[in-house]
Structures are given as structure tokens and as C-alpha cells.
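Me: Could you take a close look at one part of this protein for me, the inside where nonpolar side chains gather? I'd like the definitions spelled out as you go.

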Amino acid sequence: MHHGYISDTLVRFLRARDWNVQKAHKMLIDCLQWRIQNEIDNILAKPIIPTDLYRAVRDSQLVGLSGYSKEGLPVIAIGVGFSTFDKASVNYYVQSHIQMNEYRDRVVLPEATEKTGRHISTCLKVLDMTGLKLSALNQIKLLTTIATIDDMNYPEKTKTYYIVNAPYIFSACWKTVKPLLQERTKRKIQVLQGSGKDELLKIMDYSALPHFCRKESPGSSRHSRNGTSDNCFSLDHTFHQQLYNYIKHQATLIENGLMIKEGSVHVDFPEPAPEDAKIAKTIACEFQSLCKSLNGLKVNGE
């Protein structure tokens with residue numbers, strides 16, 4: 001869990017609880033218990049199979065590694081608007097998310113540390129809102145579950161969140177949600193104009209830009225003009241190939257020649273903190289309000 005950086009791990013939990021030692025201690029104990037009860041240390045040895053199922057998960061849960069910032073931080077791209085989460089059960093999406101978290105912490109960040117010669121413990125996230133629709137309300141519960149798992153068990157792993165290609169729907173919700181966020185969280189979030197290309201190029205090279213940021217106008221999260229080579233969401237992208245092969249290799253080591261079992265990993269879903277539950281409820285109410293005000297008119301293709 002600490003990967004050799006015990007002090008850094010303790011500081012992350014302290015920051016997540018605003019330096020309240022008692023609350024940070026409880027958070028750490030709860031995290032350790034969650035990891036033990038759900039065998040998180042072995043989750044990278046439990047591939048989502050067959051491959052067609054994993055491809056379906058990747059096509060509907062758009063996340064990938066697009067490159068590294070000029071400081072050496074991994075750049076995680078997330079296609080919020082086009083992620084449908086409708087090709088598999090909730091457990092598969094949660095399993096996939098946790099596996100990417102663990103692969104980031106066990107492989108990606110250590111490799112970045114070795115490459116830069118200094119400890120790299122956080123990443124940058126670029127969230128593409130292209131395609132965000134009112135139907136996203138259906139995914140609020142799953143997204144809240146994923147966010148709660150991150151908040152409770154992987155605190156302070158993201159340095160900055162960059163929001164790009166934000167449509168009206170996001171802007172309307174953001175005005176309502178922003179005042180509910182803690183100051184520490186608000187300082188991490190930057191809503192960029194358009195695709196955010198110019199601003200992002202100040203902190204990363206063009207090669208590290210997510211494919212949806214490489215145009216002046218909003219582009220598609222789901223597809224890239226250049227096929228899958230630049231689309232970090234695709235299972236055929238180098239990052240996902242390395243991740244999936246790593247998981248399958250770990251599975252063969254543990255199974256020791258036995259047939260790898262199919263089926264999702266069932267992980268306990270932690271209850272969101274009261275303030276997070278309030279934010280989720282506010283977003284849901286805002287979406288419902290937009291639905292009523294639009295009164296059946298089409299928005300962003302819906």
C-alpha cells in the first residue's frame with residue numbers, strides 16, 4: 001500500500017482529513033480493513049475475461065494514460081461524457097477502476113519515479129465532458145461509488161483535475177455544486193476553455209495531450225482520427241495492452257497453471273461521506289430540474 005514511502009502515505013491521509021490525526025487514523029484503519037476484506041492486494045491477478053468482455057468494459061468506461069507532464073506526472077484521460085457503463089455489471093466497472101488505481105500505484109508511479117529521479121506520487125487527470133447528456137443522471141450512483149472508493153482508499157493521488165469541452169449541462173451543474181466543495185478540493189479543479197489545448201501545453205508536451213484535446217473545437221472522446229494509436233481509451237492502446245497483459249501474467253503466477261476463473265470481483269462499496277452524498281443528490285436534482293425546464297427539447301443530440 002505504501003510502496004516503500006510510509007511517511008508520504010501518512011501525509012496523504014492527514015491531508016485528506018485536514019490534518020486531524022484522529023480522523024486520519026480512523027480513515028487509514030478503515031482503508032486497511034477494506035483492502036484485507038476485499039483482497040485488494042490480489043486484484044491485479046484477477047483479469048476480466050474473456051477479452052471481449054474486457055473490451056466492452058473499456059469501450060464503455062473511457063479511461064486511459066495519455067502520457068506524462070513536463071514534471072513527470074502521469075496524465076490520466078477520462079471520457080466522462082461518452083462513458084455509458086452499460087456493457088457489463090456494476091461489479092466489473094468497479095473492479096476495472098480499482099485495477100487501474102492499483103496498476104497506477106504499483107507500476108506507473110514507480111516507473112515515473114525511476115525515470116525522473118524523484119518521488120512521483122500523484123497524477124493529473126483531464127476530464128472530457130464532450131457528449132455529456134441528461135441521461136448521465138442514470139450513472140450518478142455508480143460514479144458516486146467509484147468516487148467514494150477513491151476518496152476513502154486512494155486519497156490525495158490526483159494533483160489537479162482539468163475539465164475540458166464542457167457543455168451547458170456541466171456549466172449549469174458546476175455553478176450549483178462548486179459552493180458545496182471543500183476549499184482544498186476546489187483548488188484542485190480547473191475548468192478550461194474549449195479543449196484546453198493551449199493551457200495544457202504549458203504543462204505537458206503535445207505527445208502527452210489526450211486525443212480529445214488536440215483540436216481547437218470539442219472533439220470526440222470515443223474515437224480518434226488516427227485510429228487507436230492516439231486513443232488512450234482503446235484496449236488496443238499501448239497502456240491498456242500493458243495493463244491487461246500484466247494482470248493476466250499475475251493471474252498465471254497465482255493460479256500456477258490452473259484455468260483462470262471467469263466472473264467479476266465483488267468489492268464492498270463504502271458509504272459516501274455525508275457531504276459527498278449531498279453533492280450527488282444536488283447533481284441529481286440539478287439534472288432533473290434541467291430535464292423539466294427543457295421540456296422535451298433536444299440538448300447535445302438528445
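Reply: Happy to; here is a walk through the nonpolar cores. This is a predicted model, in which local features need pLDDT of at least 70, side-chain atom pairs count only at pLDDT 80 or more, and totals for chains, interfaces and linings use all residues. Residues are numbered from 1 along each chain as its sequence is written, and side-chain values use heavy atoms, with hydrogens and water left out.

A nonpolar core here is a set of buried Ala, Val, Leu, Ile, Met, Phe, Trp, Tyr and Cys residues joined through side-chain atoms within 4.5 Å; buried means under 20% relative accessible area, with a 1.4 Å probe and protein chains only. The largest such core holds 46 residues, and Trp34, Ile98, Tyr103 and Leu243 have the most contacts inside it. Elements that each supply at least two residues of this core include strand 1 (63–68), strand 2 (74–79), strand 3 (123–128), helix 4 and helix 9 (238–255). Helices (H or I, at least four residues) and strands (E, at least two) are DSSP runs, numbered from the N terminus. Helix 4 is the top contributor to this core, giving eight residues.

Now zoom in on Trp34. Leaving aside residues up to four places away in sequence, Trp34 touches Ile40, Ile98, Ile149, Asn153, Tyr154, Val267, Asp268 and Pro270, where contact means heavy atoms within 4.5 Å. Apart from the largest core lies another, of 20 residues, with Leu62, Ile120, Val164 and Leu192 among them.

Helix 4 (90–116) also turns up in the lining of the second largest pocket, where its five residues are the largest share. A pocket is an open set of points on a 1 Å grid over the protein atoms alone, where a 1.4 Å probe fits, with protein on both sides within 12 Å along at least five of seven lines; lining residues have an atom within 4 Å of a point.

Methods:
Buried < 20%, exposed > 50% of the residue type's maximum accessible area, 1.4 Å probe, protein only.
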